[in-house]
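Biologist: Please take one part of this model and walk me through it closely. I would like a connected account rather than a list.

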Amino acid sequence: MDYYFATLTIKPVEGENKNPQLFNSAEILSNILGVKFEEELTNFYEEYPAYIAEDKNYEYVLLGIPEPEYDLSDEPSDDYELQIYSHGCYALDDNFIDVSDHFEKLINSSGEIFCFK
């Protein structure tokens, strides 16, 4: 079975601080992608503040910037990450098709938010 995925870097939409920027970015992505992003409150993504959404084809996760004490990256970033997966995209023996280019064009065509691979 084929599964689709995309991973994109999202430039935050201006706001007062990190959380409003993440909220604003999630709202704009909701309008562009036709889904409703909601704040992820279970801490499933641990140190990352996150917004999640889904439609009949995909699961969407918008990961924010972790607090400095939880940021384990070599080079901290001020960007967000948007992950998109087909439902059930967890089996390692299936075919994975990268659809990042499609979503990059779709999101950037709005002119409201900028993303890149």
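What follows is a close look at one strand and its surroundings.

Biologist: Where does strand E4 (58-63) sit, and which residues does tyrosine 60 touch?

Modeller: A caution comes before the details: this is a predicted model. Start with the frame. The protein chain holds 2 helices and 7 strands. Read from the N terminus, its elements run β-α-β-β-β-β-β-α-β. Of its 117 residues, 37% count as buried.

Now E4 itself. Of its 6 residues, 5 are buried, so the rest of the structure largely encloses this strand. It has partners in E3 and E5. E3 and E4 pair in the antiparallel sense, over 5 bridges. A hairpin of 3 residues links E3 to E4. Within this pairing, leucine 62 of E4 is the bridge partner of tyrosine 51. E4 and E5 also run antiparallel, joined by 6 bridges. Here tyrosine 60 stands opposite isoleucine 84 of E5.

Tyrosine 60 deserves its own look. Leaving out residues up to four places away in sequence, its contacts include Tyr51, Ile52, Ala53 and Glu54. Gln83 and Ile84 are also among them. So are Leu33, Val35, Phe37, Asp55 and Phe103.

Several of these names return in the largest nonpolar core. That core has 26 residues, and Leu29, Leu33, Phe37, Tyr60, Leu62, Phe103 and Ile107 touch the most other members. Strands E1 (2-10), E3 (50-54), E4 (58-63) and E5 (80-86) each supply at least two of its residues, as do helices H1 (18-33) and H2. H1 gives the most, with 6 residues. In soluble globular proteins, nonpolar side chains tend to be buried together.

H2 is worth following from here. It spans residues 100-108, and Ser100, Phe103, Glu104 and Ile107 are buried in it. They lie on the same side of H2 because they cover an arc of only 105° around the axis. On the other side, His102 and Lys105 are exposed. Phe103 ties this helix back to E4, since tyrosine 60 touches Phe103.

Last, the chain as a whole. Take contacts between residues at least 6 apart in sequence: 60% of them join residues at least 24 apart. The exposed area is about 7300 Å², with carbon and sulfur atoms supplying 49% of it.

How values were computed
Residues numbered from 1 in each chain as written. Predicted model: local features only at pLDDT ≥ 70, side-chain atom pairs only at ≥ 80, totals over all residues. Heavy atoms only, no water. Buried < 20%, exposed > 50% of the residue type's maximum accessible area, 1.4 Å probe, protein only. Helix = DSSP H or I, 4+ residues; strand = E, 2+ residues; numbered from the N terminus. Arc of directions from axis to C-beta. Core = buried A, V, L, I, M, F, W, Y, C linked by side-chain atoms within 4.5 Å. Contact = heavy atoms within 4.5 Å. Pairing = 2+ DSSP bridges. Areas by Shrake-Rupley, 256 points an atom, 1.4 Å probe, with all protein chains shown as cover.
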